[in-house]
Amino acid sequence: TTDNQNTQLTDGFHLVIDALKANDLNTIFGLVGIPITDLCRLAQAEGLRFIGFRHEQHAGNAAAIAGYMTQKPGICMTVSAPGFLNGLTALANATVNCFPMILISGSSEREIVDLQQGDYEEMDQLNAAKPYCKAAYRINHIEDIGIGFARAIRAAVSGRPGGVYLDLPAQLLAQTMPAEEAKKTIFKVIDPVPRQIPAADAVARALDVLKGAKRPLILLGKGAAYAQADKEIRHLVEKSGIPYLPMSMAKGLLPDNHPQSASAARSFVLAEADAVLLIGARLNWLLAHGKGKTWGKEPKKFIQIDIQANEVDSNVQIAAPLIGDIGSCVGELLKGIASVPKPSADWINAINEKKDKNMAKMAETLAKEANPMNFHGALRVIRDVIKKNPDVNLVNEGANTLDYCRAIVDMYKPRKRFDSGTWGIMGIGMGYSIGAAVISGLPTVAVEGDSAFGFSGMELETVCRYNLPITTIVFNNNGVYRGTDKNPTGGADVAPTVFVKDARYDKMIEAFGGVGYYVTTPAELEAALTEAIAAGKPALINAVIDETAGTESGRLTNLNPSTAAAKK
Ligand SMILES: Cc1ncc(Cn2c(C)c(CCOP(=O)(O)OP(=O)(O)O)sc2=O)c(N)n1
Ligand SMILES: Nc1ncnc2c1ncn2[C@@H]1O[C@H](COP(=O)(O)OP(=O)(O)O)[C@@H](O)[C@H]1O
């Protein structure tokens with residue numbers, strides 16, 4: 001090597017980019033500022049995609065969904081302290097939902113932070129992050145950038161996926177070292193998601209529970225969708241003949257109109273099943289913690305497939321824990337499923353009877369013309385349009401808008417529905433939509449309650465700036481849950497749940513060059529949505545919804561505390 005090659009230097013900026021490129025992490029969702037602006041510029045100059053947001057929470061949400069869709073950690077990049085804190089909400093949400101992402105934030109120098117000497121945007125970010133994410137690391141020396149990124153990547157995707165915080169002090173980026181030497185420190189992580197093979201006796205125990213079952217049920221969670229073991233899961237359901245229930249983000253793993261789907265008889269099968277095979281689903285609040293009246297009086301036997309061993313017995317005793325990655329576990333069950341008798345005709349007929357009854361009732365509700373348009377009228381249209389466009393990504397949040405959309409809008413392909421998930425968080429709309437559209441390149445429809453939309457509405461400018469094929473439908477019922485509450489004092493302030501009446505969200509997107517539609521009937525909604533999806537451009541449809549149609553907190557009304565004190 002010539003002399004100047006020996007003295008040729010590289011720096012932290014370049015090594016961070018080299019570490020991302022070496023691991024095929026080619027998209028950064030972030031928001032620039034000291035000390036990362038030049039790092040973001042360099043990323044773009046070096047061929048990575050940099051998607052700049054208006055608030056770091058939504059950049060983080062986009063990174064989380066990128067991780068969920070690709071099984072590689074989504075990358076979010078922010079400035080120190082306030083930027084880091086805005087990203088932390090998304091990092092915590094990703095961790096709660098088991099989505100792999102890495103939040104990379106610039107930070108202050110340790111010597112100033114540790115003496116609390118009041119640095120610009122001073123904060124002990126590493127320790128602030130630790131309670132809310134799966135792992136948190138800081139890189140202090142340029143020669144550690146390769147290993148630091150390897151640790152962060154492996155922590156995000158191995159075992160139960162989750163959020164990782166990576167703290168980059170500003171001075172690290174400016175450090176230099178000989179380029180030749182630096183090259184040796186950067187590497188692609190080998191087998192970051194090692195297969196976790198279940199033990200043979202655990203497989204046998206699980207098959208025994210299924211053999212002893214009279215009324216078996218398979219419950220598919222978003223872990224099953226994330227695992228991308230779609231063929232194995234479909235074969236297990238169809239070869240066993242066992243009815244299945246998809247949790248909201250597992251919809252589409254099998255088409256929602258599949259004959260073995262028990263979704264339309266959900267309450268019946270949860271109460272009546274005597275053996276439940278959980279695949280990547282936790283028995284948390286979304287499943288009434290596996291006990292109480294939702295699960296009926298009869299004792300149940302649970303089989304739980306999960307990669308996280310200590311998820312077992314979190315709420316109720318699990319008769320057959322099956323620990324490993326879902327692909328491996330389902331693959332092992334498939335080898336023995338022929339020895340499991342098919343479910344009895346009584347069980348299947350009872351479910352189908354319930355399904356037919358409930359679907360007829362729903363069809364009747366959906367057929368009713370309501371004026372002004374209500375949730376059902378609008379969602380019937382969206383159901384029909386999605387059926388014609390099964391590749392469309394569907395993002396969904398709100399209360400009534402979330403609950404009804406989950407039940408009414410069928411999904412036909414895996415990993416196409418992205419919603420408020422385990423935390424029931426509002427504000428994921430635009431971030432998830434941007435992540436899904438950037439990663440897939442496919443049209444994306446966000447079905448938003450008007451309050452939910454408000455959390456990320458400013459990112460419409462981001463959607464328009466990158467000309468993303470995202471159609472946002474705002475279910476505008478003038479408020480949170482509904483728009484009719486009154487201020488009991490008669491004072492000038494509106495009630496806590498009420499918004500500007502007949503707000504025109506369709507005009508917001510026009511401010512950024514997008515197309516706005518204002519619709520008041522299902523026919524108008526159908527025309528607008530069909531046109532917007534075909535155009536593949538940023539659009540927003542302001543769908544006027546009957547402001548009296550909603551219920552408080554949608555399906556979750558019972559979670560609200562109510563006072564025992566007599567009303568004065
Ligand atoms: C971050 C955050 N803030 C507040 C809430 C509380 N919340 C809020 C504010 C909801 C919005 C419901 O109103 P909407 O207009 O979005 O939906 P509908 O009109 O369809 O009910 S749903 C819900 O649980 C939340 N879940 N997450
Ligand atoms: N590849 C995988 N193999 C096995 N389990 C997984 C895998 N990925 C995620 N999981 C598990 O899936 C579960 C997802 O549960 P949850 O988020 O509650 O789903 P849902 O809300 O749809 O019921 C988590 O317990 C997580 O550990």
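In this predicted model, a good place to begin is helix α2, which spans residues 12-22 and has G12, L15, V16, I17, A19 and L20 buried. The pattern is easier to read with the geometry of a helix in mind. An α-helix has 3.6 residues a turn, so residues three or four places apart point the same way. Both ends of α2 also show a local detail. At its start, a side-chain oxygen of D11 comes within 3.2 Å of the backbone nitrogen of F13. After the helix comes D24, and the phi of this residue is positive, near 55°.

From here the description turns to the two ligands, beginning with ligand 2. Its surroundings comprise 21 residues, of which R160, K222, R282, D306 and I326 come nearest. Sorted by class, this shell holds 9 nonpolar, 7 polar and 5 charged residues. Helix α12, made up of residues 222-226, provides the largest share of the shell, with 3 residues.

The protein backbone takes part in several polar contacts with ligand 2. One of the ligand's oxygen atoms sits 2.6 Å from a polar backbone atom of K222, a residue that is also listed among the nearest. Nitrogen atoms of the ligand are involved as well: a backbone N or O atom of I326 is 3.0 Å from a nitrogen atom of ligand 2, and for I307 the corresponding distance from a backbone N or O atom to a ligand nitrogen is 3.1 Å. On its own, ligand 2 has 590 Å² of accessible area, and the protein covers 96% of it.

Ligand 1 is surrounded by 16 residues, and N400, T401, G424, D450 and A452 are the closest. The class make-up of this shell is 7 nonpolar, 8 polar and 1 charged. Two helices, α18 (400-408) and α20 (450-454), each contribute at least two residues to the shell, and α20 gives the most, with 3 residues.

Backbone atoms again meet the ligand, here through oxygen atoms of ligand 1. A polar backbone atom of A452 lies 2.9 Å from a ligand oxygen, and A452 is also one of the closest residues. A backbone N or O atom of A399 is found 3.2 Å from an oxygen atom of ligand 1, while a polar backbone atom of G479 is likewise 3.2 Å from a ligand oxygen. Taken alone, ligand 1 exposes 600 Å², of which the protein buries 75%.

Note on methods:
Residues are numbered from 1 along each chain as its sequence is written. Chains are lettered from A and ligands numbered from 1 in the order in which they are written. This is a predicted model: local features need pLDDT of at least 70, side-chain atom pairs count only at pLDDT 80 or more; totals for chains, interfaces and linings use all residues. Side-chain values use heavy atoms; hydrogens and water are left out. A residue is near a molecule or strand if one of its heavy atoms lies within 4 Å of it. A polar contact is a pair of N or O atoms within 3.5 Å; within protein, one must be able to donate a hydrogen and the other to accept it, and residues adjacent in sequence count only if both atoms are side-chain atoms. Accessible areas come from the Shrake-Rupley method with a 1.4 Å probe; for residues, only the protein chains shown count as cover. Helices (H or I, at least four residues) and strands (E, at least two) are DSSP runs, numbered from the N terminus. Ala, Val, Leu, Ile, Met, Phe, Trp, Tyr, Cys and Pro count as nonpolar, Asp, Glu, Lys and Arg as charged, and the others, Gly among them, as polar. Buried means under 20% relative accessible area, exposed over 50%, partly exposed in between (1.4 Å probe, protein chains only).
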